[in-house]
Amino acid sequence: LGLVGLIQFLPRVLLLPLVGNAADRYDRRRLILAAQAAQCATMAALAAATASGLVSRDLIFVLVFLAGAARALEHPATLALLPRLMAPSLLSRATDMSASANQAATILAPAAAGFLYLLGATAVYALTTVAFLAAMAAATAIHAPHTRAEVAGMGLRRFVEGIRFIRAHRAMLGAISLDLCAVFLGGATALLPIIALEVLATGPWGLGLLRSAPAAGALLMAIWLAHHPLERRIGKLMFACVAVFGAATIAFGLSHSLVLSMLILAVLGGADMVSVVIRNAYVQLQTPDEMRGRVSAVNSVFIGASNQLGEFESGVTAAWFGAVPAVILGGVGTLLVVAAWMRMFPELRHAERLER
């Protein structure tokens, strides 16, 4: 479980100087389509290998790496494309809607997977392949003007410019790095299969419910945000929500009830949704369009580090101390990060609004 997260993250680092430049220089919609086609191919390969009995751990690792490389290209292009589709004043609400759609899928998929897996892994991979085909069809309907950025210098130099831009904007750096460190330490969801089996004594059905719980909380929060846009004290609100995320992680580690664990994970997901919306909207609104690809690529690596490397960290600490202590330690670490970042980044703490 830990290695899968690590292998997904590696392409984000290896391709970082390339994908950000590509998102600034080329048609972002075409990049998204190419990335989705590559991910579709990896899912089809998994389905074929499983159906023929040729699947192995090493093959899964290879295909996960290729899918991670495609995702490394898709994510910054997607983040950079969204602001070109609407006026800046609508970006916060559009981010909410996009997150709501994503969370709706995240809720349905794990809950359904427990039942679909009864048909075999081939059925799951085949359905995912069809889903990518549908996503590609939807992407072809996007019509956005493409303006190629005329940026001088070599690829690595342009990439460094993106890093310098983030470093020069302290509040932006604080928002991105806060998510990295907090979610890296508080990645309890990576250990859900172990917690479900050893602590809560439930099977695939219960695991599906546990996986859906954070997304359910996030979806409810996203719906609320769509009707109540964030307008004031966004910095303090972001810190508060990350603190709630850490406290919920600790509570989840202490729970021995399936229902209580689901409620806690729903709270965790709702708090995480607020911080995600604030971070994404703030970063996009504070970045000029000609820099969005590179800045989004760096942001994508931070997101990947917090998620995939967080899964690896959770797997390692669970191997050392056990799953429950690993979850609790991660939550405590998240709270310590919040306290440290509030002192290190007063610019973020005092940020008032999302608008540029």
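Trainee: In which helix do Arg 71 and Glu 74 both lie?

Mentor: This is a predicted model. Arg 71 and Glu 74 sit three residues apart, about one turn of the helix. Their side chains meet in a salt bridge, 3.3 Å from N to O. The helix that holds both residues is α4, residues 57-81.

Trainee: Is Glu 74 buried or exposed?

Mentor: Buried means under 20% relative accessible area. Its partner Arg 71 has 31% and counts as partly exposed. Glu 74 has a relative accessibility of 8%, so Glu 74 counts as buried.

Trainee: With which residue does Arg 170 form a salt bridge?

Mentor: The closest N and O atoms of this pair are 3.6 Å apart. Arg 170 is partly exposed at 34% relative accessibility. The partner is partly exposed too, at 37%. That partner is Glu 347.

Trainee: How many residues apart in sequence are the parts that this pair ties together?

Mentor: Take Arg 170 and Glu 347, which form a salt bridge. Arg 170 lies in helix α8 (residues 170-185), and Glu 347 lies in helix α15 (residues 346-349). So the pair ties together parts whose separation in sequence is 177 residues.

Trainee: What is the relative accessible area of Arg 30?

Mentor: Arg 30 forms a salt bridge with Asp 27, and their closest N and O atoms are 3.8 Å apart. Asp 27 is partly exposed at 22%. Exposed means over 50%. Arg 30 counts as exposed because its relative accessible area is 58%.

Trainee: How many salt bridges does the structure hold?

Mentor: One of them joins Asp 27 and Arg 30. Another joins Arg 170 and Glu 347. The number in the structure is three.

Terms used: Residues are numbered from 1 along each chain as its sequence is written. This is a predicted model: local features need pLDDT of at least 70, side-chain atom pairs count only at pLDDT 80 or more; totals for chains, interfaces and linings use all residues. Side-chain values use heavy atoms; hydrogens and water are left out. A salt bridge is a side-chain nitrogen of Lys or Arg within 4 Å of a carboxyl oxygen of Asp or Glu. Buried means under 20% relative accessible area, exposed over 50%, partly exposed in between (1.4 Å probe, protein chains only). Helices (H or I, at least four residues) and strands (E, at least two) are DSSP runs, numbered from the N terminus.
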